[in-house]
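Got the viewer open? Let's walk through this one together, one selection at a time.

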Amino acid sequence: QVQLVESGGGLVQPGGSLRVSCGASGVIFSINRMAWYRQAPGKQRELVACITSDGSTNYADSVKGRFTISRDNAKHTVNLQMTSLKPEDTAVYYCHVVATPYFGNPSRTYWGQGTQVTVSS
């Protein structure tokens with residue numbers, strides 16, 4: 001089983017910066033895709049950014065140029081650096097990982113518990 005623990009959320013003023021992090025632990029043979037999703041009140045969960053094991057990234061149009069996703073394969077961590085934050089970035093941010101627990105087994109998806117990011121003056 002893989003456990004995900006997120007940290008770094010909080011309250012920030014518009015235009016400010018914040019970094020959220022996620023660490024994976026447990027039985028891990030390999031981690032494929034790592035991503036951050038977010039869900040604002042009354043809205044569906046949406047993909048914010050993702051990164052593959054070879055470092056390829058993809059971003060939602062709404063965060064391109066402002067957010068940067070990165071990962072440390074040795075430490076099984078993924079980070080999301082957020083700059084120029086806007087009130088519409090307010091949401092619960094969820095870490096999502098596609099991992100293979102054991103060699104030869106199919107990959108599985110895992111979700112973190114979520115961390116609140118609030119952008120407000």
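Start by colouring the charged side chains: the protein chain has 11 positive and 7 negative charges, and the mean positions of the two sets are 3 Å apart. Keep in mind as you click around that this is a predicted model.

**The whole chain**

Now switch to a cartoon view. You'll find 11 strands and zero helices. Going from the N terminus, the elements read β-β-β-β-β-β-β-β-β-β-β. The radius of gyration is 14 Å, close to the 14 Å that the globule rule gives for 121 residues, so the protein chain is as compact as a globular protein of that length. Rotate the C-alpha trace and you can follow its spans along the principal axes, about 50 × 25 × 25 Å.

Turn on the surface next. The protein chain exposes about 6300 Å², and carbon and sulfur atoms supply 50% of that area. How many of the 121 residues count as buried? The share is 42%. If you draw the contacts with a separation of 6 or more, 55% of them turn out to join residues 24 or more positions apart.

**Into the core**

Hide the surface and select Trp36, Leu80, Met82 and Tyr93. These four touch the most other members of the largest nonpolar core, which has 32 residues. Many strands feed into this core: β1 (2-7), β3 (18-26), β4 (30-39), β5 (46-51), β7 (67-72), β8 (77-82), β9 (91-100) and β11 (115-119) each give at least two residues. Which strand supplies the largest share? That is β9, with five residues.

Zoom in on leucine 80 and show what surrounds it. Leaving out residues up to four places away in sequence, leucine 80 touches Leu18, Arg19, Val20, Trp36, Val48, Ala49, Phe67, Thr68, Ile69 and Tyr93. Two of the names you selected a moment ago, Trp36 and Tyr93, are in that list.

**A buried proline and a phenylalanine**

Move on to proline 101, in the loop between β9 and β10 (108-111). Is this loop residue buried or exposed? Proline 101 has a relative accessible area of 6%, and a residue is called buried under 20%, so proline 101 is buried. Show its neighbours and, beyond four places in sequence, you'll see contacts with Val27, Ile28, Phe29, Pro106, Arg108 and Tyr110. For a distance to draw, pick the C-alpha atoms of proline 101 and isoleucine 31: the two residues are 70 apart in sequence and 8.5 Å apart in space.

One of those neighbours of proline 101 is Phe29, so select it next. Phenylalanine 29 sits in the loop between β3 and β4. With a relative accessible area of 47%, phenylalanine 29 is partly exposed. Its contacts, again leaving out residues up to four places away, are Thr100, Pro101, Tyr102 and Phe103. Then draw a line from phenylalanine 29 to valine 119: the C-alpha atoms are 37 Å apart, with the two positions 90 residues apart along the chain.

**Two loops with a positive phi**

Next, select histidine 76 in the loop between β7 and β8. Check its backbone angles: histidine 76 has a positive phi of about 60° although it is not a glycine. Histidine 76 counts as partly exposed, at 24% relative accessibility.

Then hop to serine 84, in the loop between β8 and β9. Here too phi is positive, at about 50°, and serine 84 is not a glycine either. The relative accessible area of serine 84 is 41%, which makes it partly exposed.

**Last stops: serine 56 and glycine 65**

Select serine 56, found in the loop between β5 and β6. Serine 56 is partly exposed at 39% relative accessibility. Apart from residues up to four places away in sequence, serine 56 touches Cys50 and Ile51. Its C-alpha atom is 11 Å from that of arginine 71, 15 residues away along the chain.

Finish at glycine 65, in the loop between β6 (57-59) and β7. What is its relative accessible area? The value is 81%, and glycine 65 is exposed. Draw one more distance, from the C-alpha of glycine 65 to that of alanine 91: these residues are 26 apart along the chain and their C-alpha atoms are separated by 19 Å.

Methods: Residues numbered from 1 in each chain as written. Predicted model: local features only at pLDDT ≥ 70, side-chain atom pairs only at ≥ 80, totals over all residues. Heavy atoms only, no water. Helix = DSSP H or I, 4+ residues; strand = E, 2+ residues; numbered from the N terminus. Rg over C-alpha atoms; globule rule 2.2 N^0.38 Å. Buried < 20%, exposed > 50% of the residue type's maximum accessible area, 1.4 Å probe, protein only. Contact = heavy atoms within 4.5 Å. Areas by Shrake-Rupley, 256 points an atom, 1.4 Å probe, with all protein chains shown as cover. Lys, Arg positive; Asp, Glu negative; His and termini not counted. Charge placed at Lys NZ, Arg CZ, Asp CG, Glu CD. Core = buried A, V, L, I, M, F, W, Y, C linked by side-chain atoms within 4.5 Å.
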